[in-house]
Amino acid sequence: MAHTPTPDLFGQEASPARAPAAERAGKGARPLADRLRPRTLADVVGQDHLLGAEGALARMLAQSSLASLILWGPPGVGKTTLARLLAERAGLHFDQLSAVFSGVADLKRVFEEAARRRRTGTGTLLFVDEIHRFNRAQQDAFLPVVEQGIVVLIGATTENPSFALNAALLSRCQVLVLRRLDDAALETLAARAEAATGRTLPLTAEGRAGLRAMADGDGRYLLNMAEQLFALPPDQPPLGAAELATLLARRATLYDKDREEHYNLISALHKSLRGSDPDAALYWFARMLTGGEDPRYIARRLARFAAEDVGLADPAALTLALSGWEAYERMGSPEGELALAEVVIHLATAPKSNAAYRAFGAAMAAARATGSLMPPAHILNAPTKLMREIGYGAGYEYDHEAPEAFSGQNYFPDGMARAQFYRPSGRGEERAIAERLATWARLRAERGQ
């Protein structure tokens, strides 16, 4: 027999009239977010890509073949909801663990109970919240019971499974990505809250939009804020966005300096700079600062970008990046952040060339491939008589005394064909560099003949 699921987030009670009188009066009531949990999968909002007609979960249920899953998504989007409702829909007993509070002994107990249940013809869906908190050895404990079908495992994580879970467990589970709730989904939840309480949120249209923005994609957070608004006096005038922000706390931005969001945002900043979009680059720069990122880390990445993606198309870019970094070190926050913002704008609007970056990579590859080839003898110093006698420095031409200050001699090792690692882009300052290199190549060819 399927375990009767406890209602979960993002759904509407069948009717406010069905709630006990004490709850309708607000006395002893469960939190609004707990009361507004869905009763069916159709009530879940914001995850149509999984639950719609062509969604992965819809297809699994239609084929009666629920696989073990990893649900990856931000907080407050319905991961626990889905697990409970899937257990009910598939006719499985629902068991739940939190990786924060559970250990190997708890897993062993759950597995033994699931095995006994299986012998009586009842399957088990084991939901593990924050599964990424289990270490690698604990994750390995799931492998045999999942492989043998003793449990259908559904793990929930806010961390990238590629980094947080071991490969063996991932190979036995399908990863489904849950999306942060968009404006439409959050508005649906606000409307359900109003229907359940029989009250209208005391908000202007601007205030209502502000409420959704403050929730930042988290349905649970929106319902908790709505509950605070319903607790205001009935004659409360509608609040605008500014009054709402004063009354309620904005949800903290999702940003962890040691985890995936850190790398996602620096990647967004780097690619916005490379794409010559100063406005987008400034936005991601600001997002990192408001998330608590160390500006020194950003300064280091800006200097790296100047060398890698601007290069010699604008040789001043690296100097400016280092100057901005030094200015931040001298002034600190928040004054020094303006210097870094100036660097962001300069790098985004500068001509771009990765020719130096590619040239360095090619030269490193050639150095590894050619081993210990010696420089040609004519460019070796000969400070002793013996070295001169064996040919060190013989035939060297002093370029300053050659026509056009260019001798055209070979500087690659004997036995190694001449290579061209650096190919200037022709953008910005590299246009002049390309012209000089072309002139020298012509002279080299002429003098070599």
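These are my notebook entries on a few places I looked up in this structure, which is a predicted model.

**Entry 1, a pair of helices.** I began with helix 16, which covers residues 278-290, and helix 19, which covers residues 335-349, and I found that their axes come within 9 Å and cross at roughly 150°. I noted the handedness of this crossing as right-handed. I then listed the residues that meet: helix 16 contributes Pro-278, Ala-281, Leu-282, Phe-285 and Leu-289, while helix 19 contributes Glu-337, Leu-340, Ala-341, Val-344, Ile-345, Ala-348 and Thr-349. Sorted by class, this contact of helix 16 with helix 19 holds 10 nonpolar residues, 1 polar residue and 1 charged residue.

**Entry 2, the nonpolar cores.** I turned next to the largest nonpolar core, which has 51 residues, and saw that the members touching the most other members are Leu-69, Leu-86, Leu-125, Leu-211 and Leu-229. I followed Leu-229 further and, leaving aside its neighbours within four places in sequence, found it in contact with Leu-201, Pro-202, Leu-203, Leu-211, Leu-239, Leu-244, Leu-247 and Leu-248. Apart from the largest core lies another core of 25 residues, and among them I recorded Ile-266, Ala-281, Phe-305 and Val-310. Ala-281 was already in my notes, as one of the helix 16 residues that meet helix 19.

**Entry 3, a glutamine.** I last looked up Gln-138, which lies in helix 7, residues 136-140. Is Gln-138 buried or exposed? I count Gln-138 as buried because its relative accessibility is 15%, and the cut-off for buried is under 20%. Beyond its neighbours within four places in sequence, Gln-138 is in contact with Ser-102, Gly-103, Val-104 and Leu-107.

Terms used: Residues are numbered from 1 along each chain as its sequence is written. This is a predicted model: local features need pLDDT of at least 70, side-chain atom pairs count only at pLDDT 80 or more; totals for chains, interfaces and linings use all residues. Side-chain values use heavy atoms; hydrogens and water are left out. Axes are lines fitted to C-alpha atoms, for helices over the stretch in contact, and angles run from 0 to 180 degrees between N-to-C directions. Helices (H or I, at least four residues) and strands (E, at least two) are DSSP runs, numbered from the N terminus. A crossing is left-handed if the near helix is turned anticlockwise from the far one by less than a right angle, and right-handed if clockwise. Contact means heavy atoms within 4.5 Å. Ala, Val, Leu, Ile, Met, Phe, Trp, Tyr, Cys and Pro count as nonpolar, Asp, Glu, Lys and Arg as charged, and the others, Gly among them, as polar. Buried means under 20% relative accessible area, exposed over 50%, partly exposed in between (1.4 Å probe, protein chains only). A nonpolar core is a set of buried Ala, Val, Leu, Ile, Met, Phe, Trp, Tyr and Cys residues joined through side-chain atoms within 4.5 Å.
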